[in-house]
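Please open the model in a viewer and keep the sequence panel visible. The tour below proceeds by selection, with a short account of what is to be found at each stop.

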Amino acid sequence: QVQLVESGGGLVQAGGSLTLSCAASGSIVSANAMGWYRQAPGKQRELVATITRGGKTNYTEPVKGRFTISRDNVKNTVYLQMNSLKPEDSAVYYCNANIFVTGPYRNLEVWGQGTLVTVSS
């Protein structure tokens, strides 16, 4: 009924940049809080950054000053601009969103399929 489609992952050298995108589609009334999580091999999934519908942001400490989360409420899309990438940023990045949907009206928490980011040293 609602899906998140991510794009923008890939291989980059340390110090480089990537931008991830995540577009929500389906029976959407409004996309509320959206965010990015990541999971490295052998580790638990962790929060990277979140953004409210009004634009309030929150970042995990290791990415502060390097990553920027933003969103387009018209397109129901969230972005993650990643600069000064480090090998320890390598992970599968997952988009997450809390979405108010129709048919019937209710809130859903939705996850994307993940996109791989690999940072070489």
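Begin with strand 9 and strand 10 (residues 106–111), which run antiparallel and are joined by 6 bridges. The model is a predicted one. Within this pair, select Val101 and look across to Arg106 in strand 10, which stands opposite.

**The hairpin between strands 9 and 10**

Next, select the residues that link the two strands. The hairpin has 4 residues between strand 9 and strand 10, and Gly103 there takes a positive phi near 75°. Move on to Pro104, which is found in the loop between these strands. What is the geometry of the peptide bond from Gly103 to Pro104? The bond is cis, with omega near -10°.

**Strand 9 and its other partners**

Now select the whole of strand 9, residues 91–101. Is this strand mostly covered or uncovered? Of its 11 residues, 8 are buried, so the strand is mostly covered, buried being under 20% relative accessible area.

Add strand 4 (residues 28–39) to the selection; it pairs with strand 9 in the antiparallel sense, over 9 bridges. Tyr37 and Tyr94 may be displayed as a marker of this pairing, since Tyr37 stands opposite Tyr94 in strand 9.

Then add strand 11 (residues 115–120), which is antiparallel to strand 9 and joined to it by 3 bridges. Here the residues to display are Ala91 and its bridge partner in strand 11, Val117.

**Strands 1 and 3**

Turn to strand 1, residues 2–7, and colour its two faces separately. Val2, Leu4 and Glu6 form the covered face, whereas Gln3, Val5 and Ser7 form the uncovered one. Strand 3 (residues 18–26) runs antiparallel to strand 1, and 6 bridges join the two. Ser7 can be used to locate the pairing: Ser21 in strand 3 stands opposite.

**Ala24 and its surroundings**

Remaining in strand 3, select Ala24. Which residues, beyond its neighbours within four places in sequence, does Ala24 contact? They are Gln3, Leu4, Lys75, Asn76 and Ile99. Ala24 has a relative accessibility of 8% and therefore counts as buried. For a sense of distance, draw a line between the C-alpha atoms of Ala24 and Val48: these residues are 24 apart in sequence and 19 Å apart in space.

**Two residues with positive phi**

From Ala24, step to its contact Asn76. Asn76 sits in the loop between strand 7 (67–72) and strand 8 (77–82). Although not a glycine, Asn76 has a positive phi of about 50°. Its relative accessible area is 16%, so Asn76 is buried.

Continue to Ser84, in the loop between strand 8 and strand 9. Ser84 is likewise a residue other than glycine with a positive phi, near 50°. At 41% relative accessibility, however, Ser84 counts as partly exposed.

**The largest pocket**

For the last stop, select Arg38, Gln39, Ala40, Lys43, Gln44, Glu46, Glu88, Ser90 and Ala91, which line the largest pocket. Its volume is about 150 Å³. How many residues of each class are in the lining? There are 4 charged, 3 polar and 2 nonpolar residues. Ala91, one of these lining residues, is also the residue whose bridge partner in strand 11 is Val117.

Note on methods:
Residues are numbered from 1 along each chain as its sequence is written. This is a predicted model: local features need pLDDT of at least 70, side-chain atom pairs count only at pLDDT 80 or more; totals for chains, interfaces and linings use all residues. Side-chain values use heavy atoms; hydrogens and water are left out. Buried means under 20% relative accessible area, exposed over 50%, partly exposed in between (1.4 Å probe, protein chains only). Two strands pair if DSSP finds at least two bridges between them. Contact means heavy atoms within 4.5 Å. On a 1 Å grid over the protein atoms alone, a cavity is a set of points where a 1.4 Å probe fits but cannot get out, and a pocket is an open set with protein on both sides within 12 Å along at least five of seven lines; lining residues have an atom within 4 Å of a point. Grid points are joined across faces, edges and corners, and a volume is the space filled by probe spheres set on the points. Ala, Val, Leu, Ile, Met, Phe, Trp, Tyr, Cys and Pro count as nonpolar, Asp, Glu, Lys and Arg as charged, and the others, Gly among them, as polar.
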